[in-house]
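Q: Could you take me on a close look at one part of this protein, the aromatic cluster and the core around it? I'm in my first year, so please keep it plain.

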Amino acid sequence: MFGRPVYSELYHIFTIYIEVLSLFSRPATSDIPRICYTAIMHDADLRNAKNALRKSMKTLLKAMDEASRSRLSSQVVENFMKLPEYKTAAIVLAFLSMKEELQTKTLIDKGLADGKLVAVPRMGFSADLGDFLEFIPLPHDYGTWPLDRFGIPEPPRDARVLSLEELGRSCVAVAVPGLAFDLRGGRMGRGKGYYDRFLASARASAARYGGSLVACGICFESQVVETVPMGPWDQRVDFLATEAALKMPSWPGLSNFQI
């Protein structure tokens, strides 16, 4: 049973919980909660650490030449597609890259060629939730869409949106972008929390409707750091694909790690 995190004005105390049953053997596919540790970080320290890391990662990505970006991106995609969960997925959630990001065109086109429903995010809005990510299935001719201000193909306003229930009933593999990752599944995005909120909702939907969702961070090896500063709201990834390998993040002493 999950415990409850404690909060104060000065600190977030966030905990990844230990369940007694995790001490006993069980099938690898079990969805019983896993082990954890507790960490404490002052609000201002967390914010400053994230801002400093974001700045350094943006500088790193901006400095990469186009040929290296293209070559390494292809290698990252190859390793992402080694995921067993990619092979069984009915739906692949990817993203359309900005110029200075890891390039995902190969991933998208290969997914479509493999018969997957490949979807990419756009911003949605509701009075209750504010801004949030919604995922739009891509047709094979998505490259004919008009480009937005970032040079990314923009879906029609009336494009179909995947519901959380549809995702929750399906086998889903998510290629998760980020500025930095660590080998404990930590991820840092661009600071708005869109993917954190989406992954939390999509994971809850999969648990509710009986589907499966695996989140795999995709990044360059140079974006993997020793520790990503994390808050209690930040979602971790289940796998990490770089140009070097497909990796399963793990806590010390454990054979695997999952949220």
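A: Let's start with the whole chain: of the 259 residues in this protein, 44% count as buried. Keep in mind that we're looking at a predicted model. The protein has 6 helices and 12 strands. If you take the contacts with a separation of 6 or more, 65% of them are between residues 24 or more positions apart. As for the outside, the protein exposes about 14200 Å², and carbon and sulfur atoms supply 56% of that.

Now go inside. In soluble globular proteins, nonpolar side chains tend to be buried together. Here, the largest nonpolar core has 62 residues. The members that touch the most other members are F80, L93, L107, I108, F135, F198 and I218. Hang on to F135 and F198, as both come back below.

Next, the rings. How many aromatic pairs are there? The count comes to 3. One of them joins F135 and Y195: the ring centres are 6.5 Å apart and the planes sit at 80 degrees, and because planes over 60 degrees apart count as edge-to-face, that's what this pair is. F135 belongs to strand β6 (residues 130–137) while Y195 belongs to helix α6 (residues 194–209), so this pair ties together parts that are 60 residues apart in sequence. Both F135 and Y195 are buried.

F135 has another ring partner, F198, and this time the pair is tilted, with 4.7 Å from centre to centre and 45 degrees between the planes. It's again a link between distant parts of the chain, since F135 is in strand β6 and F198 is in helix α6, 63 residues apart. Put the pairs together and you get a cluster of F135, Y195 and F198, linked by their rings.

Why do F135 and F198 count as buried? The cut-off is under 20% relative accessible area. F135 has 2%, so F135 passes, and F198 has 7%, so F198 passes too.

Let's widen the view with L93, another name from that list of core members. Leaving aside neighbours within four places in sequence, L93 is in contact with both F135 and F198. L93 also contacts A119, L162, L167, V172, A173, V174 and A175. That gives you a route from the ring cluster to other core residues: start at F135 or F198, then step across to L93.

One last ring to find on the structure is Y86. The charged end of K116 sits over the ring of Y86, 5.0 Å from the ring's centre.

Key: Residues numbered from 1 in each chain as written. Predicted model: local features only at pLDDT ≥ 70, side-chain atom pairs only at ≥ 80, totals over all residues. Heavy atoms only, no water. Core = buried A, V, L, I, M, F, W, Y, C linked by side-chain atoms within 4.5 Å. Buried < 20%, exposed > 50% of the residue type's maximum accessible area, 1.4 Å probe, protein only. Contact = heavy atoms within 4.5 Å. Phe/Tyr/Trp six-rings, centres within 6.5 Å; stacked < 30°, edge-to-face > 60°. Helix = DSSP H or I, 4+ residues; strand = E, 2+ residues; numbered from the N terminus. Lys NZ or Arg CZ within 6 Å of the ring centre and 35° of its normal. Areas by Shrake-Rupley, 256 points an atom, 1.4 Å probe, with all protein chains shown as cover.
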